[in-house]
Amino acid sequence: MYKAFIKEIKKISLEKVDIAFFPLDPRLEERAEDGLKIFMDEVSSQLVFPMHQEDDYSKSILFFNNHSEYRDVFKPIYDRGQTFIISLE
């Protein structure tokens, strides 16, 4: 599965990505961030939002707090119904 994932990420990395939604599923426990970190390192996206959090926003908050290198791009979600105003240049 890892090799298949990397193959797809390499394809995406060739494209211009303005906004991405990427799984940060707390059910994956300690592995929840693995795919997101690979995506963030390989794909040049202006904004990345976590998805599939199942009303458990702790992974989103921890990722934001623990990875300052992604703070300009990663937008944590703290609560259901949270809204964002986005202006891409």
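A salt bridge is here a side-chain nitrogen of Lys or Arg within 4 Å of a carboxyl oxygen of Asp or Glu. The structure is a predicted model, in which local features need pLDDT of at least 70 and side-chain atom pairs count only at pLDDT 80 or more, while totals for chains, interfaces and linings use all residues. Residues are numbered from 1 along each chain as its sequence is written, and side-chain values use heavy atoms, with hydrogens and water left out.

A search of the whole structure finds 8 salt bridges, and the table lists some of them.

| Acidic residue | Basic residue | N to O distance |
|---|---|---|
| Asp 18 | Lys 16 | 2.6 Å |
| Asp 25 | Arg 27 | 2.6 Å |
| Asp 55 | Arg 80 | 2.9 Å |

The pair of Asp 55 and Arg 80 links distant parts of the chain, with Asp 55 in the loop between β2 and α3 and Arg 80 in the segment after α3, 25 residues apart; helices (H or I, at least four residues) and strands (E, at least two) are DSSP runs, numbered from the N terminus. Asp 25 and Arg 27 also belong, with Glu 54, to a network of salt bridges.

Burial is judged by relative accessible area, where buried means under 20%, exposed over 50% and partly exposed in between (1.4 Å probe, protein chains only). Asp 25 is buried because its relative accessible area is 11%, whereas Arg 27, at 59%, counts as exposed.

In the loop between β2 and α3 lies Gln 53, which counts as buried because its relative accessibility is 6%. Not counting residues up to four places away in sequence, Gln 53 touches Leu 24, Pro 26, Ser 60 and Ile 77, a contact being heavy atoms within 4.5 Å.
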